[in-house]
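Please read the following points with the sequence and the structure open beside them. They are set out in an order that a newcomer may follow step by step.

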Amino acid sequence: MTTKNLFKIALFSILFLGFGACDKDNDTEENLLPAEVLKESYTIDRFKVLNIATNLPNTAKLTWSVKDSIISENADLDFISPFQKNYPLTLKVEINGETKIYNSSINVTKETGTYSKYISNVFDFRPAVGQFTNEIPQYTAGNTEANMISAAKKAIVGSNTTMISLGGFGGYVVFGFDHTIPNMDGRDFKVLGNAFWGNEANEARAGSCEPGIIMVAYDRNKNGKPDQDEWYEIAGSEYFKSTTIKNYEITYFKPDASKSPVAGTEFWQVNTEYIKWQDNAGKSGYKVQNVFHEQNYYPLWIADASYTLKGTRVADNFYDQSGEGSYWVGRSFEFGYADNAPNNDEASNIDISWAVDKNGKYVKLPGIDFVKIYTAINQEAGWLGEVSTEVSGAYDLHLN
Ligand SMILES: [Ca+2]
Ligand SMILES: [Ca+2]
Ligand SMILES: [Ca+2]
């Protein structure tokens, strides 16, 4: 045998034994946890979600902590912070009676550029029929839906806003922010409207309160837009009550211009059979045209002869406080709705932790990127007209 061949055999043996040893190690350590699960450190900008995936067996129990606070018990960690700061991170993994601790850190850096705490974009706008529809924002002949979404954007983006009206039940707007609003302890963002208190000597926390349902979305797939499966409803104070109707649907029909107005008995009733509506509970009727608003109440950019809006319907909150039809007030709900309390009231602030899934189960979102608001009430408050949610902006309570 040549020296060269001997060398080859020796090398082969070393490789073979080497692999053999490796196999043996794997056999004995099969139940042991890997030496490394986390990187030494992570870096993420403020107001951005860092996702750390572990790929451990799903029988493992994970506990994520920053110092003494447990921040998650999920397989993946979604971490977000509004502070430029370094966080020591600990992951405790328990499996088959074995426990292992992994240490890392998260370095939260200041973003380049400047975030706005206010709404940065409007994605969709479709009001219900209403006495302010086609006026707030203003419709001009030939406007398309895209034009009206731009008009809504002009009204509610940034700090210097005006207002949009969502009309009656189901009318909605969808907007977003240029960063993720983090879900911190307590309330996280404010929705601005035009609610105000009435005569507080008669009743406290009642007045022009026109509640809107708030939905939130976290941009989990990071495509910059809200996808259907990313939406969750904020379960406000009325959510679990038996008087609240889930999956309510209402269809509004375009007014028939050839039909003569049917005046009512009250001075303000110009046409009591103005806009026909029909709901998914088998009820139908007409929305009244009043003397104070002469424009068409049906969105003029919608060519269809009818359209349907849906969502959670909350019980009527307006009543005639005067007893003679002259003074109507709406009761404010305790928490979790838009345009339900004055802008300086705590009730206009929303906690992302109130979000629930379709089955009413609370979900834990790291933060939110998008908000949808729609009118929650299907009520005509006498001469005041339909209860309609107004939106005049929104902002992140954690960004200063
Ligand atoms: Ca929160
Ligand atoms: Ca998305
Ligand atoms: Ca209002």
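1. In this predicted model, the hairpin of β3 and β4 has 2 residues between its strands, and K67 in this hairpin adopts a positive phi near 55 degrees. Strand β3 covers residues 61–66 and strand β4 covers residues 69–72; the two run antiparallel and are joined by 3 bridges. Across this pairing, W64 stands opposite S72 of β4.

2. A second region to inspect is an open sheet of 3 strands, ordered β22-β11-β26, with antiparallel pairing. Its edge strands are β22 (349–350) and β26 (393–396), each of which pairs on one side only. Strand β11, residues 189–192, pairs with β26 over 4 bridges in the antiparallel sense. As a point of reference, the bridge partner of L192 in β26 is G393. When viewing strands, the student may recall that side chains in a regular strand alternate between the two faces of the sheet.

3. The calcium ion (ligand 1) deserves a separate look. Which protein atoms serve as its donors? They are N183 (OD1), M184 (O), G186 (O), D188 (OD), D188 (OD) and D351 (OD), at 2.3 to 2.9 Å from the ion. Along the sequence, the donor residues of ligand 1 follow the spacing N-M-x1-G-x1-D-x162-D.

4. Why is the arrangement around the calcium ion (ligand 1) irregular? The 6 donor atoms subtend angles of 48 to 177 degrees, and the arrangement is therefore irregular. For comparison, the ideal angles for six octahedral donors are 90 or 180 degrees.

5. Are the donor residues N183 and M184 buried or partly exposed? N183 counts as buried because its relative accessibility is 17%, under the 20% cut-off. M184, at 24% relative accessibility, counts as partly exposed.

6. The calcium ion (ligand 3) has as protein donors N194 (OD1), E210 (OE), D339 (OD) and E390 (OE), which lie 2.2 to 2.4 Å from the ion. Their spacing along the chain is N-x15-E-x128-D-x50-E. E210 sits in the loop between β13 (206–208) and β14 (212–217), and D339 in the loop between β21 (328–331) and β22, so the pair ties together parts that are 129 residues apart in sequence.

7. Lastly, the accessibility of these two loop residues should be noted. E210 is buried, with a relative accessible area of 11%. D339 is also buried, with a relative accessible area of 2%.

Notes: Residues are numbered from 1 along each chain as its sequence is written. Chains are lettered from A and ligands numbered from 1 in the order in which they are written. This is a predicted model: local features need pLDDT of at least 70, side-chain atom pairs count only at pLDDT 80 or more; totals for chains, interfaces and linings use all residues. Side-chain values use heavy atoms; hydrogens and water are left out. Two strands pair if DSSP finds at least two bridges between them. Donors are N, O and S atoms within 2.8 Å of the metal (3.2 Å for Na, K and Ca); water is not among the atoms, so sites may look incomplete. Buried means under 20% relative accessible area, exposed over 50%, partly exposed in between (1.4 Å probe, protein chains only). Four donors count as tetrahedral if all angles lie between 85 and 135 degrees; four count as square planar and six as octahedral if opposite donors are over 155 degrees apart and all others between 65 and 115; anything else is irregular.
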